[in-house]
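I opened this notebook to record what I looked up in the model, entry by entry.

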Amino acid sequence: MALLKHLSYRIQVKGLVQGVGFRPFIYRIARKHKLNGWVENRNDGVIIRAEGEFPDLEGFMRDLETDAPLASRILSVTRSLVEPELIQGFEILGSSDISEEITEVSPDIAVCSDCLEDMEHQEHRIDYPFINCTNCGPRFTIIEDLPYDRNRTTMSVFKMCSVCESEYKNILDRRFHAQPVACLNCGPQYRLIHNGEEYADLGTIIPHVARLIHDGEILAIKGLGGFFIACDATNEEAVRRLRIAKDRDGKPFAVMFSDLTQLKSYAIINKTEESVITSWRRPIVLVQAKKHLAPDVSVGFKTIGAMLPYMPAHYMLFSLLDIPAIVLTSGNISEQPILIDNEKAMEKLSGRVDALLDYDRNIYNRTDDSVVMVVNDRVRKIRRSRGYVPTPIRVRHEVDRILATGAELVNCFCIGKGRQAIMSQHIGDLKNLETYRFYTESIKQFMKIFRVEPHTVVCDMHPDYLSTKYALESGLETIRVQHHHAHIASCMAEYGLDEKVIGVSFDGIGYGDDQNIWGGEFLICGLADYTRPCHFEYIPMPGGDKATEEPWRMAISYLYRFFGEEFLSLNLPFIQKIRGHDIQLILEAIRKKINCPLTSSAGRLFDAIAAITSLCTHSDFHAEAPMRLESIIEQGYDEEYGFRLQEKISFEETIRGVVADVVSNVPRSVISARFHNTIISLIFAAVSDLAGKSTIRKVVLSGGTFQNKYILERIENRLKKEGLEVFIPHQVPANDGGIALGQLIVAAKRKEISCV
Ligand code: ZN
Ligand code: ZN
Ligand code: FE
C-alpha cells in the first residue's frame, strides 16, 4: 500500500531561473530526496514534475527555496497536486518554447572560484580563458533569443568536443547544461595583433600582453560586453597617451585592481563597498582614494572608479603583471557606443592603440561596465549595465506592452512585460548617430528576446529629443511625460508607491510644461500627475545647450541678474580668464533675449558657483563642474549662505555670499562647503514647508543632482530625523538613465485611470 503515500506535484518556478544552473540544481535535490520526475526549461519558467513520498517532497520544496544557485532569483513557486504517472528516475528535458510569457535572462556573471581552480588542474582547460560553468560566465551579452540554449547564443558556431559534451550531458558535472561550455580544443580563442603581426598561440598571447602593459603600451582588449582600452594605471606616460588616444576624453578612467588587497591599499572602502566590489556582478564602484595612481587616471578627483577582475583573462594577466592596477576604460571614441565588433574595433582603434586583443566569440548585446556608489550604506546605480541588465524591476502596475523611450543624453529605454519593467543597458547620448543606431537596434532586440510587441510608446515632452521623435514616428499611441515627473515616478515605481509624495527633482536639464528648462523642482507627485508648488527662480541660460559646456556663461547670467553690469568691477578672478568681448556678447544676448532660454536648473546653479570660484569655467565632460565642486568640499564645515524660500526660490543671497567670499580670498573648499550646506538647508526647508501644509510624509529625491554624495547623505538623514520617510533610487540610476522607468509607470497609471 506504499503507493497511497505516493504524491505527484507539478511545480512552476518563475524568476531568474535560466542560465544559472537551475535545472541541474533541481536534479541534484530531486535525487537527494529520492524523487522521480522531470524538470523542463520553458520560456515561461521552469516546470518540475516531482513524485515521491510526502516528507521527501516537503524536503525538496525546502531545499528549492533555500539552496538555489547564487545568481538565480526565485520570484514565485506554485505547485499543484496532479495524478501520479509513476515515472521512473529523474530526468532533465530539453527546452521548449511554449508561450508568449518568458522568464528572466541572467546578467553576465564573473568567473567563479571553482572555474579559476579548474584552470590550474583540468587538463583540457589549463589556462583556458573562456572557461565557464553553470554558476558563471557570459549570459546576456551572448543571448540572441529565448529560451536560453546554446543554439540561441553566439556560442552556437562552436561545436562542442566530445569531452565538453560529456560534461554538458553529465548531470553530476558542474558544466551540466552550461550553455557556453568550452575548452582548449573546441571553444573560442584569443588573438593578439601587434606591430602588424597576428598571434594565435594562447600559451604566449597573455604573457605577450603582460609584457606590452609593463612596457607602457596601450591595448584594446575585448571584454564581455565590448572592447576596452587598457594600460598600466601607474605609468604616467601611458595613461597620458591613452587619454590622447581617446580624443582627450576628460572623464576619470575606471581602474581594475589585481585583487582586493591592492585595491584596499589605494582606496578606503567600507563593508558595503567591499561586498558590492567583490559581488559576482563586479561593477565599477566609486570609492575614496587614499594613494595615487598616475595623475591622469583621476584627473584631480579624490575618488577612484575601482573594480576587480571578472573574466578569466583578467586573472591570467594579473598573475603575470607586477603592477597593482590597469586602466580599463570603454573602447569608444567621443560619445560613440562601446565597440563590440572585431572588424570595427580594428578599423577604429588599431590606429590609436599599440596592440589589439580580441577573440572569436561574438557579442550580441553590447554592455558597458556598470558604475555604482554607496551612500548611507546603500548601493546607488550610476550606470546600470553589465551584471545588472536585463534583470527586471518588479512594479505594482500592469505595464505590459508599453515601451518607454527614455531621455536623450544618458539614455536607457524600458519595456513592460506583465508587471515587469525591463530596463535596457546604458545606451548613451542619442545625438550621436552610432549611439542612435545602437538604441534602435537594441529596442528591436529587446522586443524579440522578451517577446514584446508594444501597443503604447511613452516619451519625454522635449520636442527635440531623438527618443521623442522615435516615439512619435512609431505610429503607436503615444503618451508624453514631463521629465522631472518621470524622475520622481521612476523612484516611486521601484518602491511600489502609488500615492501623493513630495518629489524633489534636481538635475541639469529637463523640458518643462511652460517650455522653459526645468531642473530645480519641488513637486507634489502622484503617479499620473503632479503639481509644482515651488522651484528655482528662472535665469537666462545664454547660448542654450552651450551653457552646459561653458559654466562661465551661467556665472555671468547669475551675476548680471543680481549685480547688473557692476559685477564687472567686482574683481572676480574668473573674469580675467574669459575674453571681454565674449562677456559683452553674452550680456547683449541676455538683454536682447537672444538664444537665452529660461532655466530653473539646479545643475546650472552649481555650474555658476564652480565658475565664479574659478574652479571650472569650461567643462570637458558632462556634469564636470558640479562634480568638481563636490570633490573639493572642506569637510566638517557647517556654515551656509542665505536663500529666499518662496514660490520662485531666490539665490540672490547665496550668490552675494559667494562673491563676497571670493573677493576676500576665502578658500574655494570652504565656499563649496557653504554652498552645498545651503542647498541641503533649502531642500530641508522646502520639504518641511510642503509637509507642514499637507498630510504627505513621503519624500522622493531624484535627478542627477542626487548623485552628489555630500548632499544625499546629509539630506536623507535630516529628513528622516524629522520623521519623514525618504525614498532614493536604488535599482535604477537617479540620473536620466532612470527616466524610462518613470515614463513607463506614469503611462501605465494613466491608462489604468482612463480604463476605469
Ligand atoms: Zn564557474
Ligand atoms: Zn571542449
Ligand atoms: Fe534629468
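**Entry 1: Lys546.** I began with Lys546, which I found in helix 15, a helix spanning residues 546-549. The model I am reading is a predicted one. I then asked whether Lys546 is buried or exposed. With a relative accessible area of 37%, Lys546 is partly exposed, because that class covers values between 20% and 50%. I also looked up the distance from Lys546 to Asn516: their C-alpha atoms are separated by 16 Å, and the two residues are 30 residues apart along the chain.

**Entry 2: Domains.** I next noted how the chain is divided. The domain assignment gives domain 1 (6-92), domain 2 (106-188), domain 3 (190-359), domain 4 (388-499 + 732-754) and domain 5 (536-727). I recorded that domain 4 is listed in two segments, 388-499 and 732-754. For domain 1 and domain 5, I looked up the separation of the centres, taken over C-alpha atoms, and found 58 Å.

**Entry 3: The zinc site.** Which atoms coordinate the zinc ion (ligand 1)? I found the SG atoms of Cys112, Cys115, Cys133 and Cys136, at 2.2 to 2.4 Å. Along the chain, these donors follow the spacing C-x2-C-x17-C-x2-C. Within this set I looked at one pair that links distant parts of the chain: Cys115 belongs to helix 3 (residues 113-121), while Cys133, 18 residues apart from it, sits in the loop between helix 3 and helix 4 (162-169). I noted both Cys115 and Cys133 as buried. I then checked the geometry. The angles subtended by the four donor atoms run from 102 to 118 degrees, so the arrangement around the zinc ion (ligand 1) is tetrahedral; the criterion I applied is that all angles lie between 85 and 135 degrees.

**Entry 4: The second largest pocket.** My last search concerned the second largest pocket, which holds about 390 Å³ of space. I counted 20 lining residues, and those closest to the centre of the pocket are Ile340, Asp341, Lys344, Arg366 and Glu441. Two elements give two or more residues to the lining, namely helix 11 (342-349) and helix 12 (433-449). Helix 12 gives the most, with six residues. By class, I entered eight charged, seven nonpolar and five polar residues for this lining.

Why does the second largest pocket lie between domain 3 and domain 4? I placed it there because both domain 3 (190-359) and domain 4 (388-499 + 732-754) give residues to its lining.

Key:
Residues are numbered from 1 along each chain as its sequence is written. Chains are lettered from A and ligands numbered from 1 in the order in which they are written. This is a predicted model: local features need pLDDT of at least 70, side-chain atom pairs count only at pLDDT 80 or more; totals for chains, interfaces and linings use all residues. Side-chain values use heavy atoms; hydrogens and water are left out. On a 1 Å grid over the protein atoms alone, a cavity is a set of points where a 1.4 Å probe fits but cannot get out, and a pocket is an open set with protein on both sides within 12 Å along at least five of seven lines; lining residues have an atom within 4 Å of a point. Grid points are joined across faces, edges and corners, and a volume is the space filled by probe spheres set on the points. Helices (H or I, at least four residues) and strands (E, at least two) are DSSP runs, numbered from the N terminus. Ala, Val, Leu, Ile, Met, Phe, Trp, Tyr, Cys and Pro count as nonpolar, Asp, Glu, Lys and Arg as charged, and the others, Gly among them, as polar. Domain bounds come from an automatic or database domain assignment. Donors are N, O and S atoms within 2.8 Å of the metal (3.2 Å for Na, K and Ca); water is not among the atoms, so sites may look incomplete. Four donors count as tetrahedral if all angles lie between 85 and 135 degrees; four count as square planar and six as octahedral if opposite donors are over 155 degrees apart and all others between 65 and 115; anything else is irregular. Buried means under 20% relative accessible area, exposed over 50%, partly exposed in between (1.4 Å probe, protein chains only).
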